[in-house]
Amino acid sequence: MLLFFVGFALTAVALIADPLARQQLSGGHGVDLGVLQLRLAYNSGVAFSVGDQLPAPIILAVTGAVTVGIAVFAWRSAPISRSIQVVGLAAIVAGATANVIDRIRDAKVTDYFHTGWWPTFNLADTYITCGAVLVIAAVLLESPTDTAKEDSR
């Protein structure tokens with residue numbers, strides 16, 4: 001249940017943020033927040049615009065398939081995972097799902113967080129990154145006795 005509720009809530013927030021960014025930042029409007037600026041950009045590829053020359057249906061099919069695969073893995077591993085790992089998996093699935101849904105609209109992902117030293121990204125991308133950090137932390141913090149208990153199942 002934790003996987004579903006966290007994933008659903010995060011996906012909803014990201015899907016609300018994207019149209020708001022398009023509306024508020026269109027026409028070259030930006031907001032300077034110091035280290036971070038809000039600036040509208042679009043990405044027709046995947047991470048770091050990789051594959052932006054590929055046909056949109058290919059990008060959508062591949063990202064959709066990867067998202068489904070990650071979601072299935074998260075669903076199957078959630079019952080035996082620590083809460084922090086489940087939240088991390090939920091964040092990854094939510095970010096990937098929000099990006100796929102955003103891409104369906106016009107074959108591009110809406111990006112709006114700009115640092116000047118890193119490619120422009122969106123809220124869903126932060127979910128994927130933070131989720132990966134949580135999953136890695138959960139695995140690294142797992143004690144040998146936790147692993148022994150799982151092996152005996």
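Reader: How do you know that α1 and α3 meet, and which residues are involved?

Author: This is a predicted model, and contact here means heavy atoms within 4.5 Å. In α1, residues including Leu-3, Val-6, Leu-10 and Ala-14 meet residues of α3, among them Val-86, Ala-90, Ala-94 and Ile-101. Those pairs pass the cut-off, so the helices count as touching. Sorted by class, the residues of this contact come to 14 nonpolar, four polar and four charged.

Reader: What angle do α1 and α3 pack at, and how far apart are their axes?

Author: The angle between α1 (residues 2-25) and α3 (residues 83-106) is about 35°, and their axes lie 8 Å apart.

Reader: Why is the crossing of α1 and α3 called right-handed?

Author: The name goes by the turn of the near helix from the far one: clockwise means right-handed. α1 passes α3 in just that sense, so the crossing is right-handed.

Reader: What makes up the lining of the second largest pocket?

Author: A lining residue needs an atom within 4 Å of a pocket point. Phe-4, Phe-8, Ala-71, Trp-75 and Val-93 are among those that line this pocket, which holds about 180 Å³ of space. α1 supplies the largest share, five residues.

Reader: How do you know that no charged residues line the second largest pocket?

Author: Charged means Asp, Glu, Lys or Arg. The lining has eight nonpolar and three polar residues, with no charged ones.

Reader: What about the largest pocket: how much space lies there?

Author: About 780 Å³. Its lining includes three charged residues, alongside 21 nonpolar and 11 polar, and α2 gives the most, with seven residues.

Technical notes
Residues numbered from 1 in each chain as written. Predicted model: local features only at pLDDT ≥ 70, side-chain atom pairs only at ≥ 80, totals over all residues. Heavy atoms only, no water. Axes fitted to C-alpha atoms, helices over the stretch in contact; angles between N-to-C directions. Helix = DSSP H or I, 4+ residues; strand = E, 2+ residues; numbered from the N terminus. 1 Å grid on protein atoms, 1.4 Å probe; cavity = no way out; pocket = protein on both sides within 12 Å on 5 of 7 lines; lining within 4 Å. Points joined across faces, edges and corners; volume = space filled by probe spheres on them.
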